[in-house]
Amino acid sequence: MPVESSSSGVVRQAKQKRKSHSLSIKRTNSTEQDRLGLHRDMLDGQDSKLPLSLKTNLMDLFSQIEREFESLYIENIELRREIETLNDRLTADGQTLEGADLAKGALKTKTSHSTSQLSQKLKTTYKASTSKIVSSFKATTSRAVCHLLREYVGHRDGIWDLSVTRTQPTVLGTASADHTAMLWSIETGKCLLKYLGHQGSVNSIKFHPTEQMALTASGDQTAHIWRFLVQLPTPQPVADVSQPPCDDDVEVSDKDEADVEADGPSECPSVRMASVTLRSHQGVVIAADWLVGGKQAVTASWDRAANLYDVETSELVHSLMGHDQELTHCCTHPTQRLVVTSSRDTTFRLWDFRDPSIHSVNVFQGHTDTVTSAVFTVGDNVVSGSDDRTVKVWDLKNMRSPIATIRTDSAVNRISVSVSQKIIALPHDNRQVRLFDMSGVRLARLPRSNRQGHRRMVCCSAWCEDNTSCNLFTCGFDRQAIGWNINIPALLQEK
């Protein structure tokens with residue numbers, strides 16, 4: 001009787017196993033078409049920074065691994081089913097439990113042998129595939145070569161904005177909360193000229209496309225156009241400032257602010273009067289820019305309006321209304337009569353002045369917090385940055401959704417895009433500056449090491465397309481601007 005009771009228990013266990021295994025087979029016996037569809041949905045749903053071709057290659061490799069495990073799993077289930085059938089026959093023939101134990105021992109031995117075969121098969125089959133994956137990652141994550149070349153020190157308060165002249169001689173301009181704007185020699189770091197005409201914080205600076213004129217926006221509710229004439233000093237040998245790789249992120253203590261002022265340049269010539277003053281705003285003028293050709297200028301203000309002025313007469317041509325909150329930035333297209341304005345209302349607007357009789361406006365909605373800046377590229381793209389810690393790339397022909405989204409760990413300030421290399425420079429509140437390509441793939445993070453790099457919020461970035469040693473400039477609330485040399489590998493430039 002004990003034998004019969006034990007045998008019936010074995011039969012019940014076999015039926016329960018058979019039922020669970022049949023369910024497992026139903027789950028795993030999916031068609032190839034369903035599997036590919038699932039992977040495709042995964043690729044579409046993921047917000048990854050990897051290129052689409054690399055993601056597709058990875059999913060193909062993982063699909064091969066999944067199919068191999070699936071076939072081995074089904075084979076193991078069939079083996080267990082055969083052993084359980086044999087066990088049922090032995091039980092029906094009146095065999096004792098010792099026979100079942102032998103069957104289990106055989107199962108254990110065969111399963112162990114199957115496991116060893118699986119291990120060996122995985123080692124031999126996927127060794128080459130793994131190598132391909134690793135090599136692909138190496139090619140994709142090749143670091144840009146980034147060097148800090150020069151620091152431009154002399155302001156007595158934070159620097160909000162900076163820009164590089166588009167005419168010769170090539171100089172760097174900075175706009176500061178200390179009510180001044182300064183022009184610098186890029187090669188020597190020497191202050192060439194100081195503008196003292198504003199009565200409030202200077203929030204932005206842009207240079208005329210063909211003449212030696214600067215346009216500055218200020219907290220005194222005005223924008224000034226002023227002329228400058230500078231003579232470049234003799235270049236000095238560049239100091240040896242060897243840098244670690246671009247992803248270096250060493251946290252250091254802040255410098256004493258006294259060190260910054262002590263290292264400031266000697267007195268330089270100054271300009272105190274503006275050639276043209278643009279008025280009519282009822283709040284802080286946060287940004288200004290030249291329209292293509294340089295005959296008109298646009299300003300953005302905290303009074304929720306952007307104004308278009310005639311430069312020669314300083315008359316107001318258009319007042320661009322529509323934003324629900326304060327404006328944060330404005331930018332013009334390099335070759336077309338297009339203006340983009342950013343606002344704290346989480347939107348940015350595209351204003352089209354190409355047709356004199358029709359002034360159309362398009363609203364871009366995609367951010368969840370203040371849009372800190374939106375800039376044009378040479379093509380038909382706009383790149384926007386926001387306090388929601390994202391940067392989005394938009395196609396002007398399809399404004400419903402961005403074509404690329406970059407997610408970061410800190411609020412993004414005034415971004416810039418390199419015309420020649422198509423690289424986006426992202427200045428952050430957390431003192432970092434990151435570089436991405438137009439598809440959203442991260443290329444580098446500018447180095448921060450002991451006593452080098454920004455020590456406060458990085459407010460703005462600007463590219464220099466001329467053949468100078470420094471081709472990227474950043475500024476921040478640590479009262480300094482920094483010139484960087486960025487060298488992107490040819491492999492990444494082709495992508």
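Where in the chain does His428 lie? His428 sits in the loop between strand 24 and strand 25 (433-437). The model is predicted.

**His428**

His428 is buried, with a relative accessible area of 0%. Its side chain reaches the backbone oxygen of Ser410 at 3.4 Å. A polar atom of the His428 side chain also lies 3.4 Å from the backbone oxygen of Ala411. Setting aside neighbours within four places in sequence, His428 is in contact with Thr408, Ser410, Ala411, Val412, Asn413, Arg434, Met457 and Val458.

**The chain overall**

The secondary structure comes to seven helices and 29 strands. Buried residues make up 48% of the 495 residues. Of the contacts between residues at least 6 apart in sequence, 56% join residues at least 24 apart.

**Nonpolar cores**

In soluble globular proteins, nonpolar side chains tend to be buried together. Here the largest nonpolar core has 25 residues. Phe348, Phe376, Val383, Ile424 and Leu426 have the most contacts inside this core. The elements that give two or more residues to the core are strand 16, strand 17, strand 19 (371-376), strand 20 (381-386), strand 21 (390-395), strand 22 (404-407) and strand 24 (423-427). Strand 19 gives the most, with four residues.

Phe376 has contacts beyond its neighbours within four places in sequence. Its partners there are Cys331, Thr332, His333, Pro334, Leu338, Val339, Val340, Leu350, Asn381, Val382 and Leu396.

Another core, of 17 residues, lies apart from the largest one. Its members include Leu148, Ile423, Val433 and Leu472.

**Asp345**

Asp345 is found in the loop between strand 16 (338-343) and strand 17 (347-355). Does a buried or an exposed state apply to Asp345? Asp345 is buried, yet has no salt bridge. The nearest side chain of opposite charge is Arg349, 5.1 Å away. The cut-off for a salt bridge is 4 Å, so this pair does not count as one. The side chain of Asp345 does make a polar contact of 3.1 Å with the side chain of His323. Outside its neighbours within four places in sequence, Asp345 is in contact with His323, Asp324 and Gln325.

**Strand 7 and its partners**

Six of the six residues of strand 7 (residues 213-218) are buried, so strand 7 is largely enclosed by the rest of the structure. In a regular strand the side chains alternate between the two faces of the sheet. Met213, Leu215 and Ala217 point one way from strand 7. Ala214, Thr216 and Ser218 point the other way. Both sets are buried.

Strand 7 pairs with strand 6 and with strand 8, as the table shows.

| Pair | Sense | Bridges | Opposed residues | Residues between strands |
|---|---|---|---|---|
| Strand 6 (residues 202-207) and strand 7 | antiparallel | five bridges | Ser204 and Ala217 | five residues |
| Strand 7 and strand 8 (residues 223-227) | antiparallel | five bridges | Leu215 and Ile225 | four residues |

Strand 6 and strand 7 form a hairpin. Strand 7 and strand 8 form a hairpin too. In the turn between strand 7 and strand 8, Gln221 has a positive phi of about 70 degrees.

**An open sheet**

Five strands form an open sheet in the order 2-3-4-5-9, with mixed pairing. Why is one side of strand 2 and of strand 9 left without a neighbour in the sheet? Strand 2 (159-164) and strand 9 (270-271) stand at the edges, each with a single partner strand, so one side of each has no neighbour there. Strand 2 and strand 3 (residues 171-176) pair in the antiparallel sense over five bridges. Within this pair, Ile159 stands opposite Ser176. The loop between strand 2 and strand 3 holds Pro169. A cis peptide bond joins Gln168 and Pro169, with omega of about 0 degrees.

**Backbone exceptions**

Most residues other than glycine have a negative phi, and most peptide bonds are trans. Arg389 has a positive phi of about 70 degrees although it is not a glycine. Arg389 is found in the loop between strand 20 and strand 21. Arg389 is partly exposed, with a relative accessible area of 44%.

Arg479 also has a positive phi of about 70 degrees, and is not a glycine. Its loop runs between strand 28 (472-476) and strand 29 (480-487). Arg479 is buried, with a relative accessible area of 17%.

Note on methods: Residues are numbered from 1 along each chain as its sequence is written. This is a predicted model: local features need pLDDT of at least 70, side-chain atom pairs count only at pLDDT 80 or more; totals for chains, interfaces and linings use all residues. Side-chain values use heavy atoms; hydrogens and water are left out. Buried means under 20% relative accessible area, exposed over 50%, partly exposed in between (1.4 Å probe, protein chains only). Lys and Arg count as positive and Asp and Glu as negative; His and the chain ends are not counted. A polar contact is a pair of N or O atoms within 3.5 Å; within protein, one must be able to donate a hydrogen and the other to accept it, and residues adjacent in sequence count only if both atoms are side-chain atoms. Contact means heavy atoms within 4.5 Å. A nonpolar core is a set of buried Ala, Val, Leu, Ile, Met, Phe, Trp, Tyr and Cys residues joined through side-chain atoms within 4.5 Å. Two strands pair if DSSP finds at least two bridges between them.
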